[in-house]
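Thanks for making the time this morning. I would like to walk through one structure with you, and I ask that you keep it in view while I talk.

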Amino acid sequence: MGWLRDLLRRPPLLHVANDEGEGPPVVLLHGIASSSVTFENVVPLLTEHHRAISIDLLGFGESPAPEDATYTIEEHVAALDRTIRGLGLRRFTLVGHSMGSLIATRYAATHRKNVSRLVLVSPPVYLTPTEIGTPIDRASMGLYSRVYEFLRTNKEFTIQAAAGLARLSPIKNLLDVSERNWHAFVLSLEKTIESQTTVTDLVSVTAPVHLVYGTLDPFLHPAGLRIVENLRNVTTHKVQGVDHVIRPRMARVVATAIG
């Protein structure tokens with residue numbers, strides 16, 4: 001009867017960390033090991049003309065972390081969908097940062113009528129070896145996989161390294177890898193980032209797509225970016241000298257992409 005229990009189980013409601021401003025709604029999704037504080041430089045730029053809604057993803061921030069969650073992209077999207085329906089949203093701009101951009105893309109591909117514009121900020125678009133043309137790109141893509149596998153299998157190192165990076169971050173509490181969210185971190189990394197189908201999902205998106213990224217972002221792979229940039233409905237906003245974090249200069253570009 002396990003299949004019946006799975007069928008009847010409702011996705012959890014996610015924590016809505018911020019809901020302010022008036023106008024066309026904008027839903028903001030953060031990345032792995034982070035929370036809605038990701039957008040602290042973006043929200044003030046939106047609220048004069050938009051309703052800005054920041055949501056903590058499943059297992060992160062103040063959202064629930066069910067013991068039996070597997071943190072596939074399907075689970076992340078199901079929880080997001082229930083939360084969005086609970087807010088009564090029908091048509092909105094969807095913004096995702098890092099892993100949040102992968103979840104946003106899958107949502108936009110499967111809920112086309114809801115998303116009027118999709119904004120992908122610093123999306124870690126990774127490809128399988130068969131999708132990569134050059135040996136150099138294949139080798140560098142493999143390096144990402146090995147690094148992520150190392151992080152997943154070396155808990156103490158990963159937690160300590162994340163704490164060190166968090167102390168250097170310009171945004172307080174931006175990065176959090178701890179005992180509390182370790183399960184969500186490991187499985188989201190493996191099942192949402194490493195096992196992604198983002199390019200295929202993007203092909204199914206009918207809304208205009210805006211891609212925003214910094215030229216110094218170490219988490220982005222050039223081969224994945226090139227494919228996204230060449231899709232017919234994508235407008236690229238490249239920010240020189242900026243890394244993965246949405247600092248004030250990047251925030252202004254994100255706000256422009258939202259419109």
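Let me begin with two helices, H3 and H4, whose crossing is right-handed. Before going further, I should say that what you see is a predicted model, in which the pLDDT averages 94 over the protein and 95% of the residues score at least 70. The exception I want to point out is the stretch of residues 1-7, where the pLDDT is below 50 and where the model shows 0 contacts beyond near neighbours in sequence. Where pLDDT is low, the predicted coordinates should not be read in detail.

Returning to the pair of helices, H3 covers residues 73-86 and H4 covers residues 99-110, and they pack at an angle of about 70 degrees with their axes 10 Å apart. Because angles from 65 to 115 degrees count as roughly perpendicular, H3 is roughly perpendicular to H4.

Which residues in H3 and H4 meet? From H3 there are Ile73, Glu74, His76, Val77, Leu80, Asp81 and Ile84, and from H4 there are Met99, Leu102, Ile103, Arg106, Tyr107 and Thr110. Sorted by class, this contact has 8 nonpolar residues, together with 2 polar and 3 charged ones.

Finally, please look at Ala139, which lies in helix H5, residues 135-153. Is Ala139 buried, partly exposed or exposed? Its relative accessibility is 48%, so Ala139 counts as partly exposed, given that the partly exposed range ends at 50%. Between Ala139 and Ser101 there are 24 Å in space, taken from C-alpha to C-alpha, and the two are 38 residues apart in sequence.

How values were computed: Residues are numbered from 1 along each chain as its sequence is written. This is a predicted model: local features need pLDDT of at least 70, side-chain atom pairs count only at pLDDT 80 or more; totals for chains, interfaces and linings use all residues. Side-chain values use heavy atoms; hydrogens and water are left out. pLDDT is the predictor's confidence in each residue, from 0 to 100. Contact means heavy atoms within 4.5 Å. Axes are lines fitted to C-alpha atoms, for helices over the stretch in contact, and angles run from 0 to 180 degrees between N-to-C directions. Helices (H or I, at least four residues) and strands (E, at least two) are DSSP runs, numbered from the N terminus. Angles under 35 degrees count as roughly parallel, over 145 as roughly antiparallel, 65 to 115 as roughly perpendicular and the rest as oblique. A crossing is left-handed if the near helix is turned anticlockwise from the far one by less than a right angle, and right-handed if clockwise. Ala, Val, Leu, Ile, Met, Phe, Trp, Tyr, Cys and Pro count as nonpolar, Asp, Glu, Lys and Arg as charged, and the others, Gly among them, as polar. Buried means under 20% relative accessible area, exposed over 50%, partly exposed in between (1.4 Å probe, protein chains only).
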